[in-house]
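Here's a quick tour of a protein model for anyone just starting out with structures. Have a look at the sequence and the 3D view, then work through the points below.

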Amino acid sequence: MLRNVAGRILRIGSQSSTVTPAVQRRLYHERVVDHYNNPRNVGSFDKNDPTVGTGLVGAPACGDVMKLQIKVDEETGKITDACFKTFGCGFAIASSSVATEWVKGNKMEEVLSIKNTCD
């Protein structure tokens, strides 16, 4: 779906130009498209559960809002489960899905090292 839309956007202004599959693939990595089309761990946990932590973040510039919840084993400090609800663009939805996959099974200390950079 995203590839079709991307192809249409790239053709605007030049009806004679064609967009090759190689160019379309550069817009979004196939894993991003997969997590957008098939998001994992969508939902929410009981906010009154003492093992559940909830984070809410928004990006006012583009209108994305993400709620991420984790369940933490109090004895081991490991995240046993994660879920999200995101309202926004395809990339926001896909990255929320990826984030839930990354954090599950890790200790809180490890998860805190995840950054929004390429470092």
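Two residues count as being in contact when they have heavy atoms within 4.5 Å of each other. With that in hand, take Thr100: leaving aside its neighbours within four places in sequence, Thr100 is in contact with Arg40, Asn41, Leu68, Ala82, Cys83 and Phe84. Keep in mind that this is a predicted model.

**The overall layout**

- The protein has five helices and three strands.
- Walking from the N terminus, you meet the elements in the order α-α-α-β-β-β-α-α.
- Of the 119 residues, 25% count as buried.
- The accessible surface of the protein comes to about 8,300 Å², and 55% of that belongs to carbon and sulfur atoms.
- If you take contacts between residues at least 6 apart in sequence, 45% of them join residues at least 24 apart.

**The strands**

- Strand β1 (residues 52–59) is joined to β2 (residues 64–72) by eight bridges, and the two run antiparallel.
- One pair to look for here is Gly55 with its bridge partner in β2, Leu68.
- The hairpin of β1 and β2 has four residues between the strands, and Gly63 in this hairpin takes a positive phi near 90 degrees.
- On to the next pairing: β2 and β3 (residues 79–87) are also antiparallel, over eight bridges.
- In this second pairing, Gln69 stands opposite Cys83 in β3.
- The hairpin of β2 and β3 has six residues between the strands, and there Gly77 takes a positive phi near 75 degrees.

**Inside the protein**

- Which residues make up the largest nonpolar core? There are five of them: Ile70, Ile79, Ala82, Val103 and Val111.
- As general background, nonpolar side chains in soluble globular proteins tend to be buried together.
- Ile79 has plenty to show you: not counting residues up to four places away in sequence, Ile79 touches Ile70, Lys71, Val72, Val103, Lys104, Gly105, Asn106, Met108 and Val111.
- Back to Thr100, which is found in helix α4 (residues 90–103).
- Is Thr100 buried or exposed? Thr100 has a relative accessible area of 0%, so it counts as buried, the cut-off being under 20%.

**Loops and the surface**

- Gly105 is found in the loop between α4 and α5 (108–111).
- Gly105 is partly exposed, because its relative accessible area is 41% and that class lies between the cut-offs of 20% and 50%.
- Leaving out residues up to four places away in sequence, Gly105 touches Lys78 and Ile79.
- The C-alpha atoms of Gly105 and Thr80 are separated by 5.7 Å, with the two residues 25 apart along the chain.
- Asn38 lies in the loop between α3 (30–37) and β1, and Asn38 is partly exposed at a relative accessible area of 44%.
- Asn38 and Ile93 are 55 residues apart along the chain, and their C-alpha atoms are separated by 10.0 Å.
- Tyr28 sits in the loop between α2 (21–27) and α3, and its 32% relative accessibility makes Tyr28 partly exposed.
- Where does Tyr28 turn up again? Together with Leu27 and Phe91, Tyr28 forms a nonpolar patch on the surface, with about 270 Å² of accessible area together.

Methods:
Residues are numbered from 1 along each chain as its sequence is written. This is a predicted model: local features need pLDDT of at least 70, side-chain atom pairs count only at pLDDT 80 or more; totals for chains, interfaces and linings use all residues. Side-chain values use heavy atoms; hydrogens and water are left out. A nonpolar core is a set of buried Ala, Val, Leu, Ile, Met, Phe, Trp, Tyr and Cys residues joined through side-chain atoms within 4.5 Å. Buried means under 20% relative accessible area, exposed over 50%, partly exposed in between (1.4 Å probe, protein chains only). Patches are made of residues with over 30% relative accessible area and no salt bridge: like charges are joined within 9 Å, nonpolar side chains (Val, Leu, Ile, Met, Phe, Trp, Tyr) within 5 Å. Accessible areas come from the Shrake-Rupley method with a 1.4 Å probe; for residues, only the protein chains shown count as cover. A salt bridge is a side-chain nitrogen of Lys or Arg within 4 Å of a carboxyl oxygen of Asp or Glu. Two strands pair if DSSP finds at least two bridges between them.
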